[in-house]
Amino acid sequence: MAFRKFLPMFDRVLVERLAAETVTKGGIMLPEKSQGKVLQATVVAVGPGSVNQKGNLQPMSVKVGEKVLLPEYGGTKVILDNKDYFLFRDADILGKYVD
């Protein structure tokens, strides 16, 4: 609910990373160091878009609620109501998952 109070500017996208797998398919518990960095996230808020050189608004390529693939590094960590979110530029998002 905290993300409803936060609106990203320009071409920024606010995402919430998915939780890391803590148990393998065989039922073995994974220690924190063995868990890989989660590169999947859910979009929780998007900015209005960027303005090109002609002054036209470039629409965003993702929408709220979509699942996206993030780069391994980058993004800005934002803490809202004791929960971690990350800000990425629209162009930094590698792809989105379609059903």
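Is N82 buried or exposed? Select N82 to begin: with a relative accessible area of 79%, N82 is exposed, and the residue sits in the loop between strand 6 (76–80) and strand 7 (83–89). What you have open is a predicted model, and the stops below should be read with that in mind.

**Two backbone stops**

While N82 is still selected, look at the backbone, where phi is positive at about 60 degrees although the residue is not a glycine. Most residues other than glycine have a negative phi. A second residue of this kind is F10, whose phi is near 50 degrees, again a positive value in a residue other than glycine; to reach F10, go to the segment before strand 1 (12–17).

**The whole chain**

Now colour the model by secondary structure and follow the chain from the N terminus, along which the elements run β-β-β-β-β-β-β-β, that is, eight strands and zero helices. If you then colour by accessibility, buried residues account for 28% of the 99 residues in the protein. Of the contacts between residues at least 6 apart in sequence, 63% join residues that are at least 24 apart.

**The nonpolar cores**

In soluble globular proteins, nonpolar side chains tend to be buried together. Select V13, V15, A41, V43, M60, V62, V68, L70, F86, F88 and I93, and you have the eleven residues of the largest nonpolar core. Strand 1, strand 2 (40–46) and strand 7 are the elements that give two or more residues to this core. Apart from it lies another core, made of seven residues, among them L14, A45, V78 and L87.

Within the larger set, centre the view on V62 and display its neighbours: leaving aside residues up to four places away in sequence, V62 touches V13, V43, V46, V68, D90, I93 and K96.

With F86 still in view, add R17, which lies over the face of F86 at 4.6 Å from the ring centre. For the aromatic rings taken among themselves, the count of pairs comes to zero.

**A buried acid**

Which side chain of opposite charge is nearest to D90? Move to the loop between strand 7 and strand 8 (95–96), where D90 is found; the nearest such side chain is K96, 8.3 Å away, and D90 has no salt bridge although it is buried. Show the surroundings of D90 as well: not counting residues up to four places away in sequence, D90 touches D11, V13, P59, M60, S61 and V62.

**The salt bridges**

How many salt bridges does a search of the whole structure find? The search finds five, and three of them make convenient stops on this tour.

Start from D11, a residue you have just seen in contact with D90. The side chains of D11 and R12 meet in a salt bridge, with N to O at 3.5 Å; here D11 counts as buried because its relative accessibility is 13%, whereas R12, at 27%, counts as partly exposed.

Next select E66 and K96, whose side chains also meet in a salt bridge, again listed at 3.5 Å from N to O. E66 belongs to the loop between strand 4 (57–58) and strand 5, while K96 belongs to strand 8, so the pair ties together parts that are 30 residues apart in sequence. Both ends are partly exposed, E66 with a relative accessible area of 21% and K96 at 39% relative accessibility.

Then turn to D84 and K77, where the side chains meet in a salt bridge with N to O at 3.5 Å, and where D84 is partly exposed, with a relative accessible area of 36%. Before leaving the charged residues, add R89 to the selection of D11 and R12, since salt bridges that share partners join D11, R12 and R89 into one network.

**Last stop: L69**

Finally, select L69 in strand 5 (residues 67–69), a residue that counts as partly exposed at 31% relative accessibility. Showing its contacts, without those up to four places away in sequence, brings up L39, I93, L94, G95 and Y97; of these, I93 is one of the residues of the largest nonpolar core. To close the tour, draw a distance from the C-alpha atom of L69 to that of R17: the two residues are 52 apart along the chain, and these atoms are separated by 9.7 Å.

Technical notes:
Residues are numbered from 1 along each chain as its sequence is written. This is a predicted model: local features need pLDDT of at least 70, side-chain atom pairs count only at pLDDT 80 or more; totals for chains, interfaces and linings use all residues. Side-chain values use heavy atoms; hydrogens and water are left out. Helices (H or I, at least four residues) and strands (E, at least two) are DSSP runs, numbered from the N terminus. Buried means under 20% relative accessible area, exposed over 50%, partly exposed in between (1.4 Å probe, protein chains only). Rings of Phe, Tyr and Trp (its six-membered ring) pair if their centres lie within 6.5 Å; planes under 30 degrees apart count as stacked, over 60 as edge-to-face and the rest as tilted. A charge sits over a ring if NZ of Lys or CZ of Arg is within 6 Å of the ring centre and within 35 degrees of the ring normal. Lys and Arg count as positive and Asp and Glu as negative; His and the chain ends are not counted. A salt bridge is a side-chain nitrogen of Lys or Arg within 4 Å of a carboxyl oxygen of Asp or Glu. Contact means heavy atoms within 4.5 Å. A nonpolar core is a set of buried Ala, Val, Leu, Ile, Met, Phe, Trp, Tyr and Cys residues joined through side-chain atoms within 4.5 Å.
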